[in-house]
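User: Could you take a close look at the charged side chains of this protein and how they pair up? I would also like to hear about one buried polar residue and what surrounds that residue.

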Amino acid sequence: MSKVEFKNAQKAFGAVKVIEGLSLEIPHGSFAVLLGPSGCGKSTLLRMIAGLEKLTGGEVAIAGKRVNDVHPRDRDIAMVFQNYALYPTMKVRENIAFNLEIQKLEKREIERRVSEAADILNLRPFLDRYPKELSGGQRQRVAMGRALVREAGVFLFDEPLSNLDAKLRAHMRVEIRQLHERLGATTLYVTHDQIEAMTMADIIVLLDKGAIVQVGTPDEVYEKPNSVYVADFIGSPSMNFFDGEIEADGEEVRFRAANLSIPLEARYRGQAGKSVKLGVRPNDLHFAADGAFKGEVILSETTGAEVQIHVRIRDSDVVAVAPRTERRVHGEAVALSVPPGKVHIFDAQSERRIEPQ
């Protein structure tokens, strides 16, 4: 069982603390995505698992075994980097087999593993080509094949799709996820791209400044972000935010800001008088004659099946996502509404999510 665990893991480069007191458990067989902006510590965590970075404190365990001092080759891991790192003078077959030859496996066993990897990754027609004769996606599959033949319990991917164009990234996302399903191994995948995280992950680990800010399924982090940071990072376009306070008047509970009044669920009554941030996802805003959000259109962006409509509301810009048939013109006066159950409420000071009671 290739469960991966961090227990109070710490990493510092000189006086700079990158990871401090981080604990995390990735269950066996999961596809976990380490997500966050550049500098948040996600690649450092991956390299700590691989043994390429030594922990300053705490421990990392694979399959229940502490591996802090175990050599990378003995950790039962296989890693795919952003840089394919293929040997240009070796053919595809030789690139895939190289690490197995270093381990001095029998020739027959090497051929078996290379053949199986080639079949899984559709590389058999390219085994006798050199890397320079391959496309970017084919080179990435060769790098994956080199990891695959190790038959490891844990696969590590460090932003493997960053060098590919958008169409190829989408294709490779499917291939990597299918490979994971076929192997049943534990996979940790580093990316700053929230689309990759949302489409591929069983578990998203969202990081900020070397700390975990939320762990959950893609649906959990999207539908119930636990902070303004998570709400802003997850989702494209980003969530719209408004500063105001919660008011209760008789049976009504509302969010109120300057020239803005939004009905809330009655369960927020206990938060009356509290200063809050209200968040609304662009997909949850709908055009309505009596909508609370009143302003004028400043830009419409067609993205294919949908259109992103930017609306100026006093001093704020709001983005709404609608079907492409919902055409709006620059300067048009519009009103937008949101169902009470689709708003997100965060404490104005801590920026932590407030759940209705």
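Analyst: Happy to help; here is a walk through the salt bridges, followed by a visit to Gln-214.

A few ground rules come with it: this is a predicted model, where local features need pLDDT of at least 70, side-chain atom pairs count only at pLDDT 80 or more, and totals for chains, interfaces and linings use all residues. Residues are numbered from 1 along each chain as its sequence is written, and side-chain values use heavy atoms, with hydrogens and water left out.

Let's begin with the charges. Side chains of opposite charge can pair when their charged atoms come close. Searching the whole structure turns up 28 salt bridges (a side-chain nitrogen of Lys or Arg within 4 Å of a carboxyl oxygen of Asp or Glu).

One of them joins Glu-116 to Arg-112, with 3.0 Å from N to O. Both residues sit in helix α3 (residues 107-120), 4 residues apart, so about one helical turn separates them. Helices here are DSSP runs of H or I with at least four residues, while strands are runs of E with at least two, numbered from the N terminus. Glu-116 is partly exposed at 38% relative accessible area, and Arg-112 is partly exposed at 33%. On this scale, buried means under 20% relative accessible area, exposed means over 50%, and partly exposed is in between (1.4 Å probe, protein chains only).

Two further pairs are worth a look. Asp-317 bridges to Arg-312, where the closest N and O atoms are 2.2 Å apart; Asp-317 is partly exposed at 44%, as is Arg-312 at 38%. Glu-326 pairs with Arg-328 at 2.7 Å between the closest N and O atoms. Here Glu-326 is partly exposed at 27%, and Arg-328 is partly exposed at 22%.

Salt bridges can also link up into a network, as with Lys-7, Lys-54, Glu-59, Arg-66 and Asp-69.

Now for the buried polar residue. Gln-214 belongs to strand β10 (residues 211-216) and is buried, with a relative accessible area of 9%. A polar atom of the Gln-214 side chain lies 3.2 Å from the backbone oxygen of Lys-224, and the backbone nitrogen of Asn-226 lies 2.9 Å from a polar atom of that side chain. Leaving aside residues up to four places away in sequence, Gln-214 touches Lys-224 and Asn-226, and its other neighbours include Ile-204, Val-205, Leu-206, Val-221, Pro-225 and Val-230 (contact means heavy atoms within 4.5 Å). Glu-220 is also among the residues that Gln-214 touches.

Note on methods:
A polar contact is a pair of N or O atoms within 3.5 Å; within protein, one must be able to donate a hydrogen and the other to accept it, and residues adjacent in sequence count only if both atoms are side-chain atoms.
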